[in-house]
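I opened this notebook to record what I looked up, entry by entry. I begin with a helix contact and then move outward to the rest of the chain.

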Amino acid sequence: MIKLLLMLAFFICCTTGGEIAMTHGMKRVGEPERLRPVALLQFLWRAAKDGWVWLALPLMAVSFYTLLILLSWAPISLVMPASAFNYVVGAIGAKYLLKEDVSPKRWLGVTLLFVGVTLVLVTG
């Protein structure tokens, strides 16, 4: 069980870290001005030059392969609900790393998720 919990923690760190890095990078890159080929290529070029995007990509890849390992070790009925802990860590990262405003309703939802994931892990 310790091995599973450590791998879940690693998965959550990689997933959330990748999402936060990608969000930060894309906020720096901005959005495409138009949905035309030249504008999309310019957008992709800006994204390809951003270090945060390049940090996010390997984190997300490691996260995916870690998920595959987890699914080979434990039932999906445990792994997928436990992976929802990403939302909890993501909300905390959004608040403190990205300086986003997280409303009280969202914190309530995060709290409910935390309680639900904890129940899945304790009873799993």
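**Entry 1. Contact of H1 with H5.** I listed the residues through which the two helices meet in this predicted model. On the H1 side I found Phe 11, Ile 12, Thr 15, Thr 16 and Ile 20, and on the H5 side Phe 85, Asn 86, Val 89, Gly 90 and Gly 93. By class, the residues of this contact divide into 5 nonpolar and 5 polar, with no charged residue.

I then looked up the geometry. H1 covers residues 2-29 and H5 covers residues 85-96; their axes come within 9 Å and cross at roughly 45°. An angle of roughly 45° lies outside the ranges for roughly parallel (under 35 degrees), roughly perpendicular (65 to 115) and roughly antiparallel (over 145). I therefore noted H1 and H5 as oblique to each other. I recorded the crossing of H1 and H5 as right-handed.

**Entry 2. Thr 16.** I singled out one residue of that contact, Thr 16, which is found in helix H1. Is Thr 16 buried or exposed? Its relative accessible area is 2%, and the limit for buried is under 20%, so I entered Thr 16 as buried. Leaving aside residues up to four places away in sequence, I found that Thr 16 touches Asn 86, Val 89 and Gly 90. These three also appear on the H5 side of the contact with H1.

**Entry 3. Thr 111.** For a second threonine I turned to Thr 111, in helix H6, residues 104-123. The relative accessible area of Thr 111 is 44%; buried requires under 20% and exposed over 50%, so I entered Thr 111 as partly exposed. I also looked up a distance: the C-alpha atoms of Thr 111 and His 24 are separated by 24 Å, and the two residues lie 87 residues apart along the chain.

**Entry 4. Nonpolar core.** Which residues make up the largest nonpolar core? I counted 11 residues in all: Leu 4, Met 7, Leu 8, Phe 11, Ile 12, Leu 67, Leu 70, Ala 74, Leu 78, Val 79 and Ala 82. At least two residues of this core come from each of H1, helix H3 (51-73) and helix H4 (76-83). H1 supplies the largest share, 5 residues. As background, I noted that nonpolar side chains tend to be buried together in soluble globular proteins.

I followed one member of the core, Leu 8. Not counting residues up to four places away in sequence, Leu 8 touches Leu 70, Ala 82 and Leu 121. Phe 11 and Ile 12 belong to the core and also take part in the contact of H1 with H5.

**Entry 5. Contact of H3 with H4.** I found that H3 and H4 pack at an angle of about 145°, with their axes 8 Å apart. The crossing of H3 and H4 is right-handed. H3 contributes Leu 67, Leu 70 and Leu 71 to the contact, and H4 contributes Ile 76, Val 79 and Met 80. By class I recorded 6 nonpolar residues, no polar and no charged.

**Entry 6. The chain as a whole.** I finished with the totals. The protein chain has 6 helices and 0 strands, and its pattern along the sequence reads α-α-α-α-α-α. Along its principal axes, the C-alpha trace spans about 55 × 35 × 20 Å. Of the 124 residues, 32% are buried. Among contacts between residues at least 6 apart in sequence, I found that 71% join residues at least 24 apart.

Methods:
Residues numbered from 1 in each chain as written. Predicted model: local features only at pLDDT ≥ 70, side-chain atom pairs only at ≥ 80, totals over all residues. Heavy atoms only, no water. Axes fitted to C-alpha atoms, helices over the stretch in contact; angles between N-to-C directions. Helix = DSSP H or I, 4+ residues; strand = E, 2+ residues; numbered from the N terminus. Left-handed = near helix turned anticlockwise from the far one by under 90°. Contact = heavy atoms within 4.5 Å. Nonpolar A, V, L, I, M, F, W, Y, C, P; charged D, E, K, R; others polar. Buried < 20%, exposed > 50% of the residue type's maximum accessible area, 1.4 Å probe, protein only. Core = buried A, V, L, I, M, F, W, Y, C linked by side-chain atoms within 4.5 Å.
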